[in-house]
Amino acid sequence: MDEEEPLASWAARREQRLRPVGQLRAVPLADGRPRGAHVAPGEPRLIVRWDGFQWLPETVAEDYAAAQRILHGIDGDGRLRPANRAQRPKKAPGRHRKP
């Protein structure tokens with residue numbers, strides 16, 4: 001903090017650097033240390049939430065994929081289903097198309 005900088009601007013700058021309250025994180029349950037997702041994607045994950053001072057346990061996910069669905073708010077299994085073919089509009093017949 002500079003001597004000329006007002007305290008309000010310094011506090012606003014500091015607030016931007018801090019982790020937002022309510023942020024979620026997935027931690028492997030085996031040893032509790034954050035590791036890369038590729039290390040053990042089949043292990044259960046503990047979902048923790050930041051309350052502004054500490055990480056508090058929220059829920060448990062059965063594997064990496066389930067943890068990602070929880071972290072990103074994806075409902076169901078996360079797959080995109082193709083649209084029903086019966087509902088697609090048909091192409092209009094043109095002069096180059098046979099009826």
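**Legends to close-up views of a predicted model**

**View 1. The chain as a whole.** Read along the sequence, the elements of this predicted model follow the order α-β-β-β-α, which amounts to 2 helices and 3 strands in the chain. Of the 99 residues, 11% are buried, and the surface that the chain exposes comes to about 8600 Å², with carbon and sulfur atoms supplying 53% of that area. Among the contacts with a separation of 6 or more, 26% are made between residues that stand 24 or more positions apart. The mean pLDDT of the chain is 81, and 78% of the residues reach 70 or more. Among the elements, strand β3 (residues 55-61) has the highest mean pLDDT, at 94, whereas helix α1 (residues 7-17) has the lowest, at 87.

**View 2. The aromatic pair W50 and W55.** A search of the whole structure yields 1 aromatic pair. The ring centres of W50 and W55 are 5.2 Å apart and the ring planes stand at 55 degrees, so this pair is classed as tilted. The two partners fall into separate classes of accessibility: W50 has a relative accessible area of 14% and is buried, whereas W55, with a relative accessible area of 22%, is partly exposed. Because the limit for a buried residue is under 20% relative accessible area, W55 at 22% is counted as partly exposed.

**View 3. Arginines over the two tryptophan rings.** Each ring of the pair shown in the preceding view also has an arginine placed over it. R19 lies over the face of W50, at 5.0 Å from the centre of the ring, and the tryptophan beneath this arginine is the buried member of the pair, W50. Over the ring of W55 sits the charged end of R25, at 4.2 Å from the ring centre.

**View 4. The salt bridge between E5 and R13.** The count of salt bridges in the model comes to 2, and one of them joins E5 to R13, with the closest N and O atoms 3.0 Å apart. The acidic partner, E5, is buried, with a relative accessible area of 17%, while the basic partner, R13, is partly exposed, with a relative accessible area of 38%.

**View 5. The salt bridge between R49 and E58.** Here the side chains of R49 and E58 meet in a salt bridge, with a distance from N to O of 3.1 Å. Both partners are partly exposed: R49 has a relative accessible area of 31%, and E58 has a relative accessibility of 44%.

**View 6. R33 and R35 in the loop between β1 and β2.** The loop that runs between β1 (24-28) and β2 (45-50) holds R35, and R33 also has its place in the loop between these two strands. R33 is exposed, with a relative accessible area of 51%, whereas R35, with a relative accessible area of 31%, is partly exposed. Leaving aside residues up to four places away in sequence, R33 touches V27 and P28, and R35, counted in the same way, touches P28, A40 and E43. P28 is therefore a contact that R33 and R35 share, given that contact means heavy atoms within 4.5 Å.

Key: Residues are numbered from 1 along each chain as its sequence is written. This is a predicted model: local features need pLDDT of at least 70, side-chain atom pairs count only at pLDDT 80 or more; totals for chains, interfaces and linings use all residues. Side-chain values use heavy atoms; hydrogens and water are left out. Helices (H or I, at least four residues) and strands (E, at least two) are DSSP runs, numbered from the N terminus. Buried means under 20% relative accessible area, exposed over 50%, partly exposed in between (1.4 Å probe, protein chains only). Accessible areas come from the Shrake-Rupley method with a 1.4 Å probe; for residues, only the protein chains shown count as cover. Rings of Phe, Tyr and Trp (its six-membered ring) pair if their centres lie within 6.5 Å; planes under 30 degrees apart count as stacked, over 60 as edge-to-face and the rest as tilted. A charge sits over a ring if NZ of Lys or CZ of Arg is within 6 Å of the ring centre and within 35 degrees of the ring normal. pLDDT is the predictor's confidence in each residue, from 0 to 100. A salt bridge is a side-chain nitrogen of Lys or Arg within 4 Å of a carboxyl oxygen of Asp or Glu.
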